[in-house]
Amino acid sequence: MKPILKLITLGLFLLGCTPEESTSADDRIRGVMADSAMVVTTHPLASQVGLDILAKGGNSFDAAVAVHFALAVVFPEAGNVGGGGFAVIRTEKGELASLDFREKAPLSAGRDMYLDSSGDVISGMSRLGHLASGVPGSVAGMWELHQKYGSLPWESLVEPSIKLAEEGFLITDLGANNINGALDFIAQATQYSPWILKEGGWSEGDSVIQEELASTLKKIGSKGRDGFYLGETADLIVAEMTRGKGLITATDLEKYEAIWRDPIIGEYRGHKIISMPPPSSGGVALLQLLKGAEQFDIKSLGHNTSKTLHILTELERRVYADRATYLGDPDFVDVPVAMLVSEAYNRNRNASIDLSQKTASQDIKEGSVDVIESTQTTHYSIVDSKGNAIAVTTTLNGYFGCKVMVEGAGFFLNNEMDDFSAKPGVPNMFGLIGNEANAIAPEKRMLSSMTPTIIEKDQKLFMVNGTPGGSTIITTLFQTTMNVIDHEMTMQEAVNAKRIHSQWLPDSIYIEPDALPDSVVLGLEALGHGISSRQRNMGKVNAILAYPEGQLEGAADYTRGDGTALGY
């Protein structure tokens with residue numbers, strides 16, 4: 001364990017402070033401040049791995065690869081090699097790109113595969129077990145990122161995660177609780193006894209060693225993409241699918257490709273918003289929300305006042321109704337992106353907002369949902385000394401995905417098939433409805449809410465931002481962006497601020513614990529809104545703010561998890 005403890009000590013030396021200590025002379029709460037480079041992830045060891053790569057001369061894209069594989073070891077809830085995600089990129093020269101390494105439906109998947117003989121959705125089939133997994137995209141995504149933008153040798157970027165898996169690390173209290181909460185489901189779905197099924201459960205400080213995952217990572221390190229999609233690892237995945245009657249075949253794995261797409265770009269109060277296009281719904285929805293907010297004087301209305309939250313809720317209901325209607329994989333359906341983000345469409349769409357009363361969700365679009373659930377993904381943001389920036393959101397969907405660990409390979413498979421519309425009009429695990437545009441089809445990528453985002457101001461890097469949170473990802477990014485731009489918060493203040501969420505259906509405003517004073521709740525209720533308090537927090541933002549004088553503020557969501565910002 002000594003090498004791991006040494007890494008943490010080095011990180012604290014480079015930081016010089018923790019977020020709690022970073023109260024400046026003007027009494028503003030600031031995150032970790034650095035002059036050259038910053039890494040913000042959901043786990044301290046992953047952040048340290050990324051910072052070490054930057055200190056060795058690697059760029060942000062090298063660090064992203066190393067962080068990604070490190071998270072697969074230390075944060076198996078959502079860090080992964082068996083999942084997928086999205087990346088938004090801005091190079092030091094201002095070049096913009098986005099990378100789609102979202103999972104795909106297997107070749108033998110069909111639109112009615114989760115329906116019974118009566119045409120009803122079979123509960124749980126798209127969430128638990130082998131049939132819930134799409135074809136993983138993470139390794140292909142990291143390989144493609146490195147091929148285009150990497151500077152250090154691939155093997156050197158995978159090596160830190162191999163070391164973490166072989167030598168072990170001490171689990172955090174949050175990590176132990178997350179595992180313990182999933183043990184029964186993992187035991188139900190996994191057909192052998194992997195390391196994670198520990199008798200008596202896990203406690204903070206327990207040592208985690210993952211020999212099978214280390215072996216998988218060694219193959220990826222030595223053979224790159226082919227170390228996962230071909231050869232022994234691919235054979236292990238196929239064998240696991242055969243045992244559990246899943247659909248992924250050797251052909252599915254061999255055919256998978258990550259795709260470079262043009263990012264979606266818009267403006268908000270003099271800032272350039274660069275985000276992820278479909279099959280993520282995040283970029284389109286975020287731009288729609290910001291275009292709507294731009295029609296109101298949000299700054300004067302105040303942060304988290306009843307008037308401001310009423311406007312945000314009205315905007316969110318319209319945007320999520322559009323999401324359910326129009327969005328899907330652009331390789332399969334015609335997604336009217338230009339229309340959805342146009343000034344004219346959004347002005348007309350929001351013209352019915354009444355500042356004196358709420359609009360019922362059913363009046364915006366007919367439908368019915370009575371549940372909103374999980375908020376499980378992970379995000380990391382990185383900026384290097386030259387100004388290269390990357391925002392990556394990656395996931396297995398639910399924590400530990402479909403709860404199946406591949407025997408002999410040591411990693412969890414995703415349950416991303418639940419992000420399709422198993423049946424148009426029926427909600428997924430996040431309470432999100434989809435229609436025909438997001439119906440299941442072979443090799444199609446399922447719709448996502450992941451919203452990695454980069455923002456420019458005056459043609460310079462301004463912010464790198466993203467969060468987990470399922471359906472709350474989009475609204476969390478919406479609020480965090482406005483907190484900085486409209487309410488003039490520091491990055492850490494913007495991340496720490498309490499959050500609310502509304503998504504068309506259910507027809508309610510969800511609030512974090514102790515998020516709003518009684519006066520604001522009463523004000524919203526007077527406008528007709530129903531308020532639902534949630535026991536769990538919304539999102540775990542990991543963000544970076546670039547100041548005009550060149551300093552970087554790294555803001556990890558340490559109040560909601562184990563997020564850690566490290567810089568130098």
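**Open and closed spaces, two helix contacts and some unusual backbone spots**

Searching the whole structure, which is a predicted model, turns up seven cavities of 30 Å³ or more. Two spaces get a closer look here: the largest pocket, at about 580 Å³, and the second largest cavity, at about 110 Å³.

Take the pocket to begin with. A total of 29 residues line the largest pocket, and the ones nearest its centre are Leu 461, Phe 462, Ala 546, Tyr 547 and Pro 548. Three secondary-structure elements, β13 (460–465), α17 (473–485) and β17 (542–546), each put at least two residues into this lining. The top contributor is β13, with three residues. Sorted by class, the pocket lining comes out at 11 nonpolar, 11 charged and seven polar residues.

The second largest cavity sits elsewhere in the sequence. Its lining has 17 residues, with Val 74, Pro 76, Glu 77, Ile 171 and Gly 175 nearest the centre. Two helices, α3 (60–74) and α6 (173–189), each supply at least two of the lining residues, and α6 gives the most, with four. As for chemistry, this lining holds 10 nonpolar and five polar residues, plus two charged ones.

Helix α3, which helps line that cavity, also packs against two other helices, α5 and α7. With α5 (residues 154–167), the axes are 8 Å apart and the packing angle is about 20 degrees. Angles under 35 degrees count as roughly parallel, so α3 runs roughly parallel to α5. The crossing of this pair is right-handed. On the α3 side, the contact is made by Asp 62, Val 65, Ala 66, Phe 69, Ala 70, Val 73 and Val 74, and α5 answers with Trp 154, Leu 157, Val 158, Ser 161, Leu 164 and Ala 165. By class, that makes 11 nonpolar residues, one polar and one charged. Val 74 thus turns up in two places: it belongs to the α3–α5 contact, and it is one of the residues nearest the centre of the second largest cavity.

The other partner, α7 (residues 211–223), meets α3 at roughly 165 degrees, and the two axes come within 11 Å. Since angles over 145 degrees count as roughly antiparallel, α3 and α7 are roughly antiparallel to each other. This crossing, too, is right-handed. The contact is made by Phe 69, Ala 72 and Val 73 from α3 together with Leu 213, Leu 217 and Ile 220 from α7. Six nonpolar residues make up this contact, with no polar and no charged ones. Phe 69 and Val 73 do double duty, as both residues appear in the contact with α5 and in the contact with α7.

Finally, a few backbone details are worth checking on screen. The peptide bond from Pro 278 to Pro 279 is cis, with omega near 20 degrees; Pro 279 is found in the loop between β9 (271–275) and α11 (282–293). Another cis peptide bond links Leu 505 to Pro 506, this time with omega at about 0 degrees. Pro 506 belongs to the loop between β14 (500–501) and β15 (509–511). Then there is Asn 304, which is not a glycine yet has a positive phi of about 55 degrees. Asn 304 falls in the loop between α12 (298–301) and α13 (306–326).

Technical notes. Residues numbered from 1 in each chain as written. Predicted model: local features only at pLDDT ≥ 70, side-chain atom pairs only at ≥ 80, totals over all residues. Heavy atoms only, no water. 1 Å grid on protein atoms, 1.4 Å probe; cavity = no way out; pocket = protein on both sides within 12 Å on 5 of 7 lines; lining within 4 Å. Points joined across faces, edges and corners; volume = space filled by probe spheres on them. Nonpolar A, V, L, I, M, F, W, Y, C, P; charged D, E, K, R; others polar. Axes fitted to C-alpha atoms, helices over the stretch in contact; angles between N-to-C directions. Parallel < 35°, antiparallel > 145°, perpendicular 65-115°, else oblique. Left-handed = near helix turned anticlockwise from the far one by under 90°. Contact = heavy atoms within 4.5 Å.
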